[in-house]
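Hi there,

Here is the structure I promised to pass on. Have a look, and my notes on what turned up follow below.

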Amino acid sequence: MDDGFGKIKVIPDHFQVSTPPSEDSLQNRSSPDSRPSTGNSSRSCSSLWSRRKLRRAAFMLNLFSLRGLPWSGADGQEKVQLTAAELESLRSELADIEEREAHLKAQLEHIDEILRSARLSGYLYIRSRWTALPGEPAPIDDIDVDDWLPRFVVLHGQCIFFYLCSTDLSPQDSTLLSDVVEVGPLPNFIREDEGTQYSFYILTRQGLRYECSHVSEVQVDTWLSALRTDCKLGSDVEVPNGS
């Protein structure tokens, strides 16, 4: 009778070396109880070897199976198997996503607040220069030096804020309107691939001068008008047509 292991039948070795029949062997075959013990031993060894081989195969299948794939449970619902390390990694990723979502929400609220409450805001090309102190030589003419950097400028309340970009929550620099002593136009210049740039400057009492430029003359005129009004400065200087 064949041994079984689960649904897999284990067939022991039934093939033996044939020998000439004899009376003793015929008698032994006719009587099941008189079979030699070597037959039981061979069948037992073969069955044990087969069972070990099946266990080893099942272990290898479990070892190399892909984890984290859905599988059907006993109730017909799909389930996912995760290790403790995979579960911790998933929790960490979810926490990062929530943190990123909160940051983006704060950026959106900040931009909305700027657009609602700021007197004026927009991107300008900015560079800064220090005026010469008494006794110092005049600054070198660096009109050909292209060190303009784009900044998001906000005129809000009693302050001018300079952001690296509109989504930043904190400004890179700022100055009080009460510190502004002069605003005025600068000569136009041409930037490669961008055409004519219209520019103006903002001078503070500390001697720091912000030079601002934009491709739109209307934008420059709007900034000059707003700054002169908020800083209570006159407009006796005319904007040059070009250089």
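Of the 243 residues in the protein, 25% are buried (under 20% relative accessible area with a 1.4 Å probe and protein chains only; exposed is over 50%, partly exposed in between). Please keep in mind that this is a predicted model, where local features need pLDDT of at least 70, side-chain atom pairs count only at pLDDT 80 or more, and totals for chains, interfaces and linings use all residues. Numbering runs from 1 along each chain as its sequence is written, and side-chain values use heavy atoms, leaving out hydrogens and water.

The protein has 4 helices and 11 strands (DSSP runs numbered from the N terminus: H or I of at least four residues for helices, E of at least two for strands).

Strand β11 (residues 208-214) caught my eye: 6 of its 7 residues are buried, so the rest of the structure largely encloses it. Strand β5 (residues 120-130) runs antiparallel to β11 and is joined to it by 6 bridges; strands count as paired if DSSP finds at least two bridges between them. Strand β10 (residues 195-204) is also antiparallel to β11, again with 6 bridges. Arg209 in β11 is the bridge partner of Arg129, and Leu203 stands opposite Arg209 too. The hairpin of β10 and β11 has 3 residues between the strands, and Gly207 there takes a positive phi near 95°.

Elsewhere, Leu90 sits in helix α3 (residues 84-117). Its relative accessibility is 40%, so Leu90 counts as partly exposed.

Happy browsing, and do write back with any thoughts!
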